[in-house]
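Colleague: I am new to this structure and should be grateful for a guided discussion of its main features.

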Amino acid sequence: KIFGSFDTVSSVEFYNAQVNDQYRSEWDRSVSSLYVVDNITNNREIVYWATKFPFPLQDRTYVLMRSHLMDEKSRTIEIASRSITHKSKPEYPKFVRVCKYGSKLVIRADKRLVSERNELLFNLLR
């Protein structure tokens, strides 16, 4: 688990930085490839993510079901991801496919989701 707080961006801005795959490819140097494979609903999609790992480790790929929920009443935003298989994304010999992955990010606003001053909890699930 990772706990943190920040007071320079709103919860919505932080959320957008996490789910905007094109923007994440710019600021996260470990991203080799990251894009939505399939939109299931307006808050659930299948994502392909290839990451660079330092030598001597082999690069990794993930195929994830990612869902997000924004709740104004509780002032929280949740992003949950879990690994899945998808017919359009087979495994490649150059990469290690991560088959067992789950995570949940909870962003909690102090007052409002658009206000600054927030807390976050990132939890890797097994």
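**Strands, burial and salt bridges**

Modeller: Let us begin with one residue of this predicted model: Lys104, with a relative accessibility of 32%, counts as partly exposed.

Colleague: With which residue does Lys104 form a salt bridge?

Modeller: Lys104 lies in strand E7 (residues 102-109), and its partner lies in strand E5 (residues 76-83), so the pair ties together parts that are 26 residues apart in sequence. The partner is partly exposed, with a relative accessible area of 26%. The closest N and O atoms are 3.3 Å apart, and the residue paired with Lys104 is Glu78.

Colleague: How many helices and strands are there in the protein chain?

Modeller: From the N terminus on, the elements run β-α-α-β-β-β-β-β-β-β. The protein chain therefore holds, by the DSSP runs, two helices and eight strands.

Colleague: Is Thr61 buried, partly exposed or exposed?

Modeller: Thr61 belongs to strand E4 (residues 60-71). Beyond its neighbours within four places in sequence, Thr61 is in contact with several residues, among them Tyr48, Trp49, Phe95 and Val98. Its relative accessibility is 1%, and the cut-off for burial is under 20%. Thr61 therefore counts as buried.

Colleague: Why is strand E3 described as largely enclosed by the rest of the structure?

Modeller: Strand E3 covers residues 44-51. E3 pairs with strand E2 (residues 31-41) in the antiparallel sense through eight bridges, and E3 also runs antiparallel to E4, again over eight bridges. The description rests on burial, because the number of buried residues among the eight of E3 is seven.

Colleague: Which residue of E4 stands opposite Arg44?

Modeller: A hairpin of two residues joins E2 to E3, and Thr41 stands opposite Arg44 on that side. On the E4 side, the residue opposite Arg44 is Ser67.

Colleague: With which residue does Arg66 form a salt bridge, the closest N and O atoms being 3.1 Å apart?

Modeller: Side chains of opposite charge can pair when their charged atoms come close. In this case Arg66 is buried, and its partner is buried too. The closest N and O atoms are 3.1 Å apart, and the partner of Arg66 is Asp21.

Colleague: How many residues apart in sequence are the parts that Arg66 and Asp21 tie together?

Modeller: The salt bridge in question is the one between Arg66 and Asp21. Arg66 lies in strand E4 and Asp21 in helix H2 (residues 21-27), so the separation in sequence of the parts they tie together is 45 residues.

Colleague: What is the N to O distance in the salt bridge between Arg24 and Asp28?

Modeller: The structure holds four salt bridges. Arg24 and Asp28 are both buried. Their side chains meet in a salt bridge with an N to O distance of 3.1 Å.

Colleague: How far apart in space are Asp7 and Ala109?

Modeller: Asp7 lies in strand E1 (residues 2-10) and is partly exposed, with a relative accessible area of 47%. Asp7 and Ala109 are 102 residues apart in sequence, yet their C-alpha to C-alpha separation is 9.9 Å.

Colleague: What share of the residues in the protein chain is buried?

Modeller: The protein chain exposes about 8300 Å², and carbon and sulfur atoms supply 51% of that area. Of its 126 residues, the buried share is 40%.

Technical notes:
Residues are numbered from 1 along each chain as its sequence is written. This is a predicted model: local features need pLDDT of at least 70, side-chain atom pairs count only at pLDDT 80 or more; totals for chains, interfaces and linings use all residues. Side-chain values use heavy atoms; hydrogens and water are left out. Helices (H or I, at least four residues) and strands (E, at least two) are DSSP runs, numbered from the N terminus. Buried means under 20% relative accessible area, exposed over 50%, partly exposed in between (1.4 Å probe, protein chains only). Contact means heavy atoms within 4.5 Å. Two strands pair if DSSP finds at least two bridges between them. Accessible areas come from the Shrake-Rupley method with a 1.4 Å probe; for residues, only the protein chains shown count as cover.
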